[in-house]
Amino acid sequence: MTTHSLPEFGPGSVWLVGAGPGDPGLMTLLAVHALAHADVVVHDALVDPRILSMIRPGADIEPMGKRGGHVSPPQTEINARLVELARQGKRVARLKGGDPFVFGRGAEEALALAEAGIPFRIVPGITAGVGGLAYAGIPATSRSCNSAVAFITGHGQDGSLPEGFDWDGLARGAPVMVFYMALRQLDEVVARLLAAGRKPTEPVAVVSKAATPEQSVLESTLGQIAADVKAAKPAPPALLVVGCVVGLRKMLDWWEPC
Ligand code: SAH
């Protein structure tokens, strides 16, 4: 593997690194490079332990992340810590699940670094809503089915569904919807979609721990999924996928635990 074109990880800088949804093989070369050169890695609760084991021996590791239902440091504290470590002249890798700029608060951290005048780089990762779906045998788009897909968070700032959401517009305009952080608000998400005209027979799936050895996929319909989730209790993190692409899974389910 040639890595000569990879940029230098300069002292006193912060790289916001996406780790992908789970499988270490889904990390980018830049992400691996960051873990090999970081002096300190500040990581999210969502980062897979197999990925943490790739961190350079001798580097400091600081777990610091948001995880629904768990006590975690406020975002301002995380931002301040990143600035503090960079000012100490460290190479700081801020490691996040999926992509740092997709529902990952990476934007807030990058803004804090920009305001503090700290040099930073964004290392995109494969977001769960694309890569996790692929591991479940569900394409985000398929020409026979949808020409648009919406990524939606089931969590507003205070943990409930985001305020002021246009459910009618969403139901009309997004043939396929991928909800992040949707499990806790599942009943309400389903009720809103049905009220906005989506059909109870529409195929849906809950994809849990995608791209990890514990991956599981619950296929159902919009009308039935809330009851099925209560019975099966899929573990977080999980995605809810709504739409015709779920139907392709019966042909495309390629994944086997290893
Ligand atoms: N930045 C991340 C998303 C962080 S929000 C990304 O780009 O993927 C956290 C939500 O992401 C979880 O509640 C869940 O909905 C989803 N998620 C992250 N990793 C996942 C995985 N391995 N399997 C299923 N869902 C996942």
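Trainee: Let me start with one side chain. Leaving aside neighbours within four places in sequence, which residues is Trp-167 in contact with?

Mentor: A quick note before we start: this is a predicted model. Once residues up to four places away in sequence are set aside, Trp-167 is in contact with Leu-161, Phe-179, Val-189, Arg-192, Leu-193 and Ala-196.

Trainee: Which residues touch the most other members of the largest nonpolar core?

Mentor: The general idea is that such a core is a set of buried nonpolar residues joined through side-chain atoms within 4.5 Å. Here the largest one has 24 residues, and those touching the most other members are Trp-167, Leu-170, Met-177, Phe-179, Leu-193, Ile-225 and Leu-240. So our tryptophan is on that list, along with Phe-179 and Leu-193, two residues that Trp-167 contacts.

Trainee: Which elements each supply at least two residues of this core?

Mentor: That list has strands E6, E7, E8 and E10, plus helices H6 (167–173), H7 (186–195) and H8. H7 is the top contributor, giving 4 residues. There is also a second, separate core of 19 residues, with Phe-9, Ala-19, Val-41 and Ile-55 among them.

Trainee: On to the sheet. In what order do the 5 strands of the open sheet come?

Mentor: Read across the sheet, not along the chain. The order is E6-E7-E10-E8-E9, with mixed pairing. At the edges you'll find E6 (149–153) and E9 (216–221), each with pairing on one side only. On average, neighbouring strands are turned by 20 degrees against each other, ignoring direction.

Trainee: And what packs on the sheet?

Mentor: Helix H8 (residues 225–232) does, touching E8 (203–208), E9 and E10. The direction of H8 makes about 145 degrees with that of E9.

Trainee: How many bridges join E7 to E10, and do these strands run parallel or antiparallel?

Mentor: Strand E7 (176–180) and strand E10 (238–242) run antiparallel and are joined by 4 bridges. To find the pairing on screen, look for Val-178, whose bridge partner in E10 is Val-241.

Trainee: Now E1: are its residues buried or exposed?

Mentor: The cut-off to keep in mind is that buried means under 20% relative accessible area. In E1 (residues 14–18), 5 of the 5 residues are buried. Cover comes on both faces: Val-14, Leu-16 and Gly-18 are buried on one side, and Trp-15 and Val-17 on the other.

Trainee: In which sense do E1 and E4 pair?

Mentor: The sense is parallel, over 5 bridges, with E4 covering residues 92–96. Val-14 has Val-92 as its bridge partner there. E1 also pairs in the parallel sense with E5 (residues 120–123), over 4 bridges, and Val-17 stands opposite Val-123.

Trainee: Why does His-43 count as buried?

Mentor: Compare its value with the cut-off. His-43 has 9% relative accessibility, so it counts as buried. This histidine is in strand E2 (residues 40–43). Beyond four places in sequence, His-43 touches Leu-52, Ile-61, Glu-62, Pro-63, Met-64, Gly-65, Arg-94 and Leu-95. Take Gly-65: 22 residues along the chain from His-43, yet their C-alpha atoms are separated by 6.6 Å.

Trainee: What about odd backbone geometry?

Mentor: As a rule, most residues other than glycine have a negative phi, and most peptide bonds are trans. In this model, Phe-103 has a positive phi of about 50 degrees, and so does Met-181. Phe-103 lies in the loop between E4 and helix H4 (106–116), while Met-181 is in the loop between E7 and H7. Phe-103 is partly exposed at 38% relative accessibility, and Met-181 is partly exposed at 37%.

Trainee: Which residues does a cis peptide bond join?

Mentor: Look at Pro-236 and Pro-237, where omega is about 0 degrees. Pro-237 is in the loop between H8 and E10.

Trainee: Zooming out, how many helices and strands are there?

Mentor: The protein has 9 helices and 10 strands. For 258 residues, a compact globule would have a radius of gyration near 18 Å, and the 19 Å found here agrees with that. The C-alpha trace spans about 55 × 40 × 35 Å along its principal axes, and 48% of the residues are buried. Of the contacts between residues at least 6 apart in sequence, 70% join residues at least 24 apart.

Conventions
Residues numbered from 1 in each chain as written. Predicted model: local features only at pLDDT ≥ 70, side-chain atom pairs only at ≥ 80, totals over all residues. Heavy atoms only, no water. Pairing = 2+ DSSP bridges. Axes fitted to C-alpha atoms, helices over the stretch in contact; angles between N-to-C directions. Contact = heavy atoms within 4.5 Å. Buried < 20%, exposed > 50% of the residue type's maximum accessible area, 1.4 Å probe, protein only. Rg over C-alpha atoms; globule rule 2.2 N^0.38 Å.
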